[in-house]
Amino acid sequence: SKVYTFTMDYPPLLNSLYRRGKNKNIYMTEKGHKYKEETAPLQILAGFRRNPFIGSVAINLYIYRPYKRGDIDGVNKLILDSMEKIVYANDESVREQHSYKREDPQNPRVVVEVWEL
């Protein structure tokens, strides 16, 4: 199966993506929405010029962080959510995922490889 590769900007820090409202509900900040709804889709579409996969997919995420601390769980979730309806119908389609944590302070980014199983 053909592997599609595209590069996305490193997302905003997780603690700047969500806030707790007065009623204790958690909501995504404007910065988070801008990345998920505008920045990420444009970068995904630049490297994934086809209709979304219908079947199961596998994904490799090469996460080049700007610094050497913190986990990558939040990055994984935001990237997978950003690919919904563009690369696959929803993230239930992801059957296999590998994430690789690297550091690149000069050029933080996420390189995505995706293919249909």
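Two strands pair if DSSP finds at least two bridges between them. Helices (H or I, at least four residues) and strands (E, at least two) are DSSP runs, numbered from the N terminus.

The model is predicted: local features need pLDDT of at least 70, side-chain atom pairs count only at pLDDT 80 or more, and totals for chains, interfaces and linings use all residues. Residues are numbered from 1 along each chain as its sequence is written, and side-chain values use heavy atoms, with hydrogens and water left out.

**Exercise 1. Strand pairing**

Task: Find the residue in β6 that stands opposite I59.

Solution:
- Start with the two strands. β4 covers residues 57–65 and β6 covers residues 109–116.
- Eight bridges join them, and they run antiparallel.
- I59 faces V114 in β6.

**Exercise 2. The sheet**

Task: Give the strand order of the open sheet, then explain why β1 and β5 each have one side without a neighbour.

Solution:
- The sheet has four strands in the order β1-β6-β4-β5, and the pairing is mixed.
- β1 and β5 (94–103) stand at the edges with a single partner strand each, so one side of each lacks a neighbour in the sheet.
- From one strand to the next the twist averages 15°.
- α2 packs on this sheet and touches β1, β4, β5 and β6 (contact: heavy atoms within 4.5 Å).
- The direction of α2 makes about 130° with that of β4. Axes are lines fitted to C-alpha atoms, for helices over the stretch in contact; angles run from 0 to 180 degrees between N-to-C directions.

**Exercise 3. Helix α1**

Task: Check the span of α1, locate its bend, and list its buried residues with what covers them.

Solution:
- α1 holds 18 residues (30–47). The expected span is 1.5 Å times one less than the number of residues.
- That gives 26 Å; the end C-alpha atoms are 25 Å apart, which agrees.
- α1 bends by about 35° at A40. The bend is the angle between axes fitted to the seven residues ending there and the seven starting there.
- A proline, P41, follows within four residues.
- G32, Y35, A40, P41 and I44 are buried (under 20% relative accessible area, 1.4 Å probe, protein chains only; exposed is over 50%, partly exposed in between).
- Their cover includes β1 (4–9), β3 (26–28) and α2 (73–83).

**Exercise 4. The whole chain**

Task: State the order of helices and strands along the chain, and how much of the chain is buried.

Solution:
- There are two helices and six strands.
- The pattern along the sequence is β-β-β-α-β-α-β-β.
- Of the 117 residues, 40% count as buried.
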